[in-house]
Amino acid sequence: RNPATDNTRVSWIKVDLEVKRTNVGQVGGLEVAFVRPEQEELIGGRTPVTNKLVYCCTEELRGKVPGCNTVDHLILRNTNVRQPGGPPGRVEAIRSVPISFEEHAFLHDYALTVWVRRTGLHKVIISDCDRKSGDIHFRGTVSFKNPYGYLPGQLYGFLAVYGWLGLAYFITTVLWTAFCFFRLQHLLT
């Protein structure tokens, strides 16, 4: 199934990016990560000496900071963490998708669609940890689709209320139109 065209009750996140970069002489890349609120604390790590929070893995940090396994990538720690307000348990691993640039390429267009396993709040994080990429400028759109369409999940409960309000307005409009029709001689004097 294609998440971008599937109309069944599924959830997905679609990212369309146009990326421009300045350093076109080398291969480079970005990373797109899809994060739930309980996973936010798994991004980045603290340096051993200064206890400074860092998000990108470097040669100096590799092996010293948990989750820093690949140089020039986002640090993602997938460990057992206690979920806020819940029992201790394993938090689902953060999904991360690398986007690579070809050498001598200045402009890139990317369309990426990811199935959502569990609905709820999500953040899309775009990281540029690859130092060979140079300055990066991007623009694009991020679309979120939940099982009920593009309506945010927080507003789904209002559908019934607005449906009843719409019906009440329709009935009121029909009654008002009928009243005006029967009293037409008094309206156009």
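**A walk through the model**

Visitor: What does lysine 123 count as, judging by its relative accessibility?
Guide: Happy to start there, bearing in mind that this is a predicted model. The relative accessibility of lysine 123 is 44%. Buried would need a value under 20% and exposed one over 50%. Since 44% falls in between, lysine 123 counts as partly exposed.

Visitor: Which residue forms a salt bridge with lysine 123, and how far apart are the closest N and O atoms?
Guide: The partner is glutamate 40, itself partly exposed with a relative accessible area of 34%. A salt bridge here asks for a side-chain nitrogen of Lys or Arg within 4 Å of a carboxyl oxygen of Asp or Glu. Lysine 123 and glutamate 40 meet that, with their closest N and O atoms at 2.7 Å.

Visitor: How many residues apart in sequence are the parts that this pair, lysine 123 and glutamate 40, ties together?
Guide: Lysine 123 belongs to strand β9, while glutamate 40 sits in the loop between β2 and β3. The salt bridge between them therefore ties together parts whose separation in sequence is 83 residues.

Visitor: What order do the strands take in the open sheet of 3 strands?
Guide: The pairing in this sheet is antiparallel. β7 (95–101) and β9 (123–127) each have a single partner strand, so they stand at the edges, with one side of each left without a neighbour in the sheet. Neighbouring strands are turned by 20 degrees against each other on average, direction ignored. Reading across, the order is β7-β2-β9.

Visitor: Over how many bridges do β2 and β9 pair?
Guide: Strand β2 covers residues 28–35, and its pairing with β9 is antiparallel. Glutamate 31 stands opposite serine 127 of β9. The count for the β2 and β9 pairing is 5 bridges.

Visitor: Is serine 127 buried or exposed?
Guide: Serine 127, in strand β9, has contacts with Leu30, Glu31 and Leu74, leaving aside neighbours within four places in sequence. Its relative accessibility is 8%, and the cut-off for burial is under 20%. So serine 127 is buried.

Visitor: Which strands hold arginine 139 and glutamate 18?
Guide: These two form one of the 4 salt bridges in the structure, with the closest N and O atoms 3.1 Å apart. The pair ties together parts that are 121 residues apart in sequence, because arginine 139 lies in strand β10 (residues 136–145) and glutamate 18 in strand β1 (residues 12–21). In short, the strands are β10 and β1.

Visitor: Which residue forms a salt bridge with glutamate 59?
Guide: Glutamate 59 is partly exposed, with a relative accessible area of 44%. Its partner is partly exposed as well, at 40%, and the closest N and O atoms are 2.7 Å apart. That partner is arginine 62.

Visitor: About how much accessible area does the nonpolar patch on the surface have together?
Guide: Its members are Leu155, Phe158, Val161, Tyr162, Leu165 and Tyr169. Phenylalanine 158 lies in helix α1 (residues 158–182) and counts as partly exposed at 41% relative accessibility. Taken together, the patch has about 630 Å².

Visitor: What share of the residues of the protein chain counts as buried?
Guide: The chain has 2 helices and 10 strands, running β-β-β-β-β-β-β-β-β-β-α-α from the N terminus. It exposes about 12,500 Å², with carbon and sulfur atoms supplying 59% of that. Of its 189 residues, the buried share is 30%.

Conventions. Residues are numbered from 1 along each chain as its sequence is written. This is a predicted model: local features need pLDDT of at least 70, side-chain atom pairs count only at pLDDT 80 or more; totals for chains, interfaces and linings use all residues. Side-chain values use heavy atoms; hydrogens and water are left out. Two strands pair if DSSP finds at least two bridges between them. Helices (H or I, at least four residues) and strands (E, at least two) are DSSP runs, numbered from the N terminus. Axes are lines fitted to C-alpha atoms, for helices over the stretch in contact, and angles run from 0 to 180 degrees between N-to-C directions. Patches are made of residues with over 30% relative accessible area and no salt bridge: like charges are joined within 9 Å, nonpolar side chains (Val, Leu, Ile, Met, Phe, Trp, Tyr) within 5 Å. Accessible areas come from the Shrake-Rupley method with a 1.4 Å probe; for residues, only the protein chains shown count as cover. Buried means under 20% relative accessible area, exposed over 50%, partly exposed in between (1.4 Å probe, protein chains only). Contact means heavy atoms within 4.5 Å.
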